[in-house]
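Student: Could you take me through one part of this structure closely? I would like to look at one helix and its surroundings.

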Amino acid sequence: MEIASGSWVMTDEATPFFPSTVDNIIEGQQFIYNELDVLAQVMWSNDPFGYGPSVPYLFTKTGIHRAVINRDQKLSDTNGTDEMYTHVLPYNHYDILNSCGPDQGVCCQFDFKRITHFSCPGPSPISITKNNVKKKQGRKLFSGDGRRKIQIVKTLLVAYKTKFGTFTDYFNALLQSNEQQNRSLATLSGDFFPYECSIYDYWTGYYTTRPFYKRQERELHFDFLDFQSFIRAADLLSSSAFIHLSTQNRKFIKQNLTDARRNLALFQHHDAITG
């Protein structure tokens with residue numbers, strides 16, 4: 001198992017205030033380090049509505065230079081110091097229907113949420129019971145000439161050493177393979193907005209929807225135009241006042257400030273601040 005990113009949430013990359021994004025990363029990474037003694041090595045960002053240069057740049061400052069993303073590409077700089085070595089997931093979406101294998105009709109039968117929600121392109125999923133578990137276990141995962149394809153897979157499993165692995169395992173193996181074959185990778189630079197969905201529509205409305213909340217998010221941290229800062233001001237004032245407070249009051253203030261930062265970080269989520 002591997003913990004990826006370590007940030008409090010997977011942030012949206014277009015609308016959050018820059019300092020709030022920094023706090024989101026710090027708050028999450030400090031939490032997993034203090035609680036689990038773990039430092040994230042790979043950035044996982046599979047669902048934001050477009051990708052920009054700022055978030056991967058910030059992650060490189062935490063020592064992360066590997067990323068797994070979906071639907072798009074990340075920015076690389078020109079001199080290499082802030083590059084993000086990136087794997088792009090091969091499917092348009094990350095649900096079971098679009099990612100478990102080449103036959104969506106078969107995959108969908110094992111997406112058990114679709115028993116009560118959504119639909120399938122073929123037979124609908126059913127609950128697994130003692131009466132049907134053997135039949136479901138033997139269900140072909142390939143369409144067409146299933147026996148031949150399964151035999152090919154068995155041959156590959158014998159010919160190659162295979163195992164389940166983490167993101168880091170994958171990147172280490174990929175880097176080793178590239179070095180052995182003297183393979184150079186393509187570099188793609190820029191930002192990738194607006195986000196284009198698989199049905200060729202462009203997502204731009206979330207840049208300005210629910211403007212009250214977007215403004216409030218900036219004011220909670222720091223608004224350079226109005227010079228309003230609530231969380232940051234509370235941080236500074238509490239630091240000055242701590243020497244005059246009892247241990248109990250220090251603990252109380254520290255916990256409240258932590259809750260405030262985490263609540264603000266939660267709002268950076270790609271499905272929250274976007275509206």
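Tutor: Happily; here is a close look at helix 10 and its surroundings. This is a predicted model, in which local features need pLDDT of at least 70 and side-chain atom pairs count only at pLDDT 80 or more, while totals for chains, interfaces and linings use all residues. Residues are numbered from 1 along each chain as its sequence is written, and side-chain values use heavy atoms, with hydrogens and water left out.

Let's begin with the partner before it in the numbering. Helices here are DSSP runs of H or I with at least four residues, numbered from the N terminus. Helix 9 covers residues 231-241 and helix 10 covers residues 247-267; they pack at an angle of about 160 degrees, with their axes 11 Å apart. Those axes are lines fitted to C-alpha atoms over the stretch in contact, and the angles run from 0 to 180 degrees between N-to-C directions. Helix 9 is therefore roughly antiparallel to helix 10, a label for angles over 145 degrees. Their crossing is left-handed, meaning that the near helix is turned anticlockwise from the far one by less than a right angle. From helix 9, Ile231, Ala234, Asp235 and Ser238 make the contact, and helix 10 brings Ile253, Leu257, Ala260, Arg261 and Leu264. Contact means heavy atoms within 4.5 Å. By class, these residues are six nonpolar, one polar and two charged. In this scheme Ala, Val, Leu, Ile, Met, Phe, Trp, Tyr, Cys and Pro count as nonpolar, Asp, Glu, Lys and Arg as charged, and the others, Gly among them, as polar.

Now for the other partner, helix 1. The axes of helix 1 and helix 10 come within 9 Å and cross at roughly 115 degrees, and this crossing is left-handed. On the helix 1 side are Ser20, Asp23, Asn24, Glu27 and Phe31, which meet Thr258, Arg261, Arg262, Leu264 and Ala265 of helix 10. This contact has three nonpolar, three polar and four charged residues.

Arg261 deserves a closer look. Its side chain meets that of Glu27 in a salt bridge at 3.3 Å, N to O; the term covers a side-chain nitrogen of Lys or Arg within 4 Å of a carboxyl oxygen of Asp or Glu. Because Glu27 lies in helix 1 (residues 18-36) and Arg261 in helix 10, the pair ties together parts that are 234 residues apart in sequence. Arg261 also forms a salt bridge with Asp235, where the closest N and O atoms are 2.8 Å apart. Asp235 lies in helix 9, so this pair joins parts 26 residues apart in sequence. Both acidic partners are buried, a word for under 20% relative accessible area with a 1.4 Å probe and protein chains only: Glu27 has 9% and Asp235 has 18%. Glu27, Asp235, Arg261 and Arg262 are linked in a network of salt bridges, and the structure holds six salt bridges.

Two neighbouring topics round off the picture. Helix 8 (residues 211-221) has Lys214, Glu217, Glu219 and His221 as its buried residues, and what covers them includes helix 1, helix 9 and helix 10. In the segment after helix 10 you will find Thr274, which counts as buried at 6% relative accessibility. Leaving aside neighbours within four places in sequence, Thr274 is in contact with Asp12, Phe49, Tyr206, Thr209 and Lys214.

Key
Helices (H or I, at least four residues) and strands (E, at least two) are DSSP runs, numbered from the N terminus. Angles under 35 degrees count as roughly parallel, over 145 as roughly antiparallel, 65 to 115 as roughly perpendicular and the rest as oblique. Buried means under 20% relative accessible area, exposed over 50%, partly exposed in between (1.4 Å probe, protein chains only).
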